[in-house]
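Trainee: I should like to go through the terms applied to this model and the grounds for each. May we begin once the structure is in view?

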Amino acid sequence: MTDALSLIPASVLRNLADKLYEKRKNAALEIEGIVKQLAVAREHEKISALINVLITEFAYSPQANHRKGGLIGFAAATVGLSTEAAQHLEKIVPPVLNSFADQDSRVRYYACEALYNIAKVVRGDFISFFNKIFDALCKLSADSDPNVQSAAHLLDRLIKDIVTDSDQFSIEEFIPLLRERMNVLNPYVRQFLVGWITVLDSVPEIDMLGFLPDFLDGLFNMLSDSSHEIRQQADSALSEFLQEIKNSPNVDYGRMAEILVQRASSPDEFTRLTSITWINEFVRLGGEQLVPHYADILGAILPCISDKEEKIRVVARETNEELRAIRADPADGFNIDAILSIARRDLTSEWETTRIEALHWIATLLAQHRTEVITYLNHTYDSLLSALSDSSDEVVLLVLDVHACIAKDAEYFCRLVELLVYNFKIDRALLERRGAMIVRRLCVLLDAERVYREFSLILEGESDLDFSSVMVQALNLILLASSELAELRILLKHSLVTSLGMDLFVSLYSSWCHSPMATISLCLLAQAYNHASSVIQSLGEEDIDAKFLVQLDKLIRLLEAPIFAYLRLQLLEPGKHTWLLKTLYGLLLLLPQQSAAFKILWTRLKTVPSYTVSIEQLKHSSSGNPYSQILQIMEDNKTQDAANVCTAINFPARLQQFEQMQLRHRVHSKSCLMSLNSTSSAVSQEIQIYEESYHSSLLPEISRS
């Protein structure tokens, strides 16, 4: 060390540590001259010794003035070395970079100045220290002292010039450092980072696009910065990269798609718009690369379709249509189960538009990959059933479309009707609010006769008698009042003259027995007036309650509707339709005289031409000939089929079936009343005995059918 100190005169060492800048500057000029002489003489060992003195005695001194002197001394030594400086940079640069973190702002300022002068001398040889210099400048860009910031900016511009001109810069070594710094929130650091990204991207020899996934998330993060300038700079950089993507044949869409999907749910509106715009371009350009990411992309698009910002909604809808138009195959990595999971998740979205699009996706998958979708159906079926309670009618109609598509398979058709009955059972509000719409839509999509037969079959064996009665009444009202079921009504009107009508009548009758009024309505529709009259006469005191009268009121009003026009016209010939007249009078006598329904029916019956009814005809109708009406219809419909049907419907057996079903309901009602006070084993036994007798009585009838 003594030999090293002898290289520098004592006065120079003293001035180099002086508090006055001028003295330090003059001392630095002396050091520059000394180093020049040593460099010419190739005395590099002495130069190293001199640099060691600057490091030990000045750069790491506890005295601030000494540290300042050491920094200017390093710059002077580098200038003196000139072209020979490269071999001494390993000693010169580290202490200068260390001074960037000095607690004294003036030391940090002089460190910037010193490194600036060093960089001007060594230029390209400086690249080996780039990452360390970049890291130091990154911190200084947010320095609390404006003078230090200003000096750092000057140094930064010089380093950028050196990097853009150098062929030694390694982007591969730099990217990890950039990725690490991209999540910093300081606005000055963010400006510094965006500046470097833009500069490096402008260099043709540097492939920043290939490393875009490493810092893309950081750029998107800056779009929500509080500073307008930073947002603008980040947006400008992203726009430039997006343009490069459009023009580049080789892009890693997959990694970036994952980032974009996350940013599409950002609370910041501008970030969401930018990310969904990128996704839109990726769907256009990505092709097969994006197939494994379709589910994630869809998960980002569907919520944006309902975004509060119109621009986002427009781009999201466009992207959704483009994605749906792509015919991807599971063999290419298209994950149908993942897509269904996204659609299932968004069925519970708070936004109606998103729920609608989720259903469209399920329908699309069913149309394109039915076999695969059916295998994953167990996970989605419950969600589809729950969606029937949606507040939106459009959503419910779409759900029914999807259900109908699934129910093309017989297995799923039966399952659908069973689950609908179950849902109506546990959610009576759904039956009241949406029951008619659901049943009518299914009848359009899946054939009304098939739907009603399946409902009847399930309700016939339903253990909850109260629900069965309510459900049958609802189905009966839909049958009588809905335009979608016109063909089914026509078929039932021919129940006495065609085998198809007869078969449907018998099928529905088995469950319609749960409701007296539904049974009477079915008979009126089928023109089985004799049997309707018998049903009315079989009613007991317990059957005619408030609920019955409400249903009767509805029926009387429906009799005035167009669907029963044929029945009203038949009243023009009461001699030919005496059982119809008797049925209507039976209904009239069940109504309270002061009710509106009584007045409506009484007014209608007063219009019947009484002169056409003879005493003999009334006697003949009251004689109880069960086939008198069928014979009359056969007279009007002279077909061979009618002759075969007249003995096919066993009306006495049907009446017995009705009476037994009503007995079950009466026993059930008594049981419910008694259970309010105590549990009666006798009633339970009575029900069990009745159940056994009921099923045994039906066995011969079933075997005959």
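Mentor: Let us start with accessibility: a residue is buried under 20% relative accessible area, exposed over 50%, and partly exposed in between, with a 1.4 Å probe and protein chains only. This is a predicted model, in which local features need pLDDT of at least 70 and side-chain atom pairs count only at pLDDT 80 or more, while totals for chains, interfaces and linings use all residues. Residues are numbered from 1 along each chain as its sequence is written, and side-chain values use heavy atoms, with hydrogens and water left out.

Trainee: Why is Y110 called buried?

Mentor: Y110 has 11% relative accessibility; the limit is under 20%, so the term buried applies. Y21, at 31%, counts as partly exposed.

Trainee: What makes Y21 and Y110 a stacked pair?

Mentor: Rings of Phe, Tyr and Trp (its six-membered ring) pair if their centres lie within 6.5 Å; planes under 30 degrees apart count as stacked, over 60 as edge-to-face and the rest as tilted. For Y21 and Y110 the centres are 5.9 Å apart and the planes differ by 10°, so both conditions are met. Y21 lies in helix α3 (residues 21–40) and Y110 in helix α7, so the pair ties together parts that are 89 residues apart in sequence. Helices here are DSSP runs of H or I with at least four residues, strands are runs of E with at least two, and both are numbered from the N terminus.

Trainee: Why is the pair of F130 and F134 called tilted?

Mentor: Their ring centres are 5.8 Å apart and their planes stand at 35°, so the pair is tilted. Both residues lie in helix α8, 4 residues apart, about one turn of the helix.

Trainee: How do you know that D143 and R108 form a salt bridge?

Mentor: The term requires a side-chain nitrogen of Lys or Arg within 4 Å of a carboxyl oxygen of Asp or Glu. In this pair the closest N and O atoms are 2.8 Å apart, so the contact qualifies. D143 is buried, with a relative accessible area of 10%, and R108 is likewise buried at 10%.

Trainee: What makes R179 partly exposed, and its partner D214 buried?

Mentor: R179 has a relative accessible area of 38%, whereas D214 has 15%. Their side chains meet in a salt bridge, 2.6 Å from N to O.
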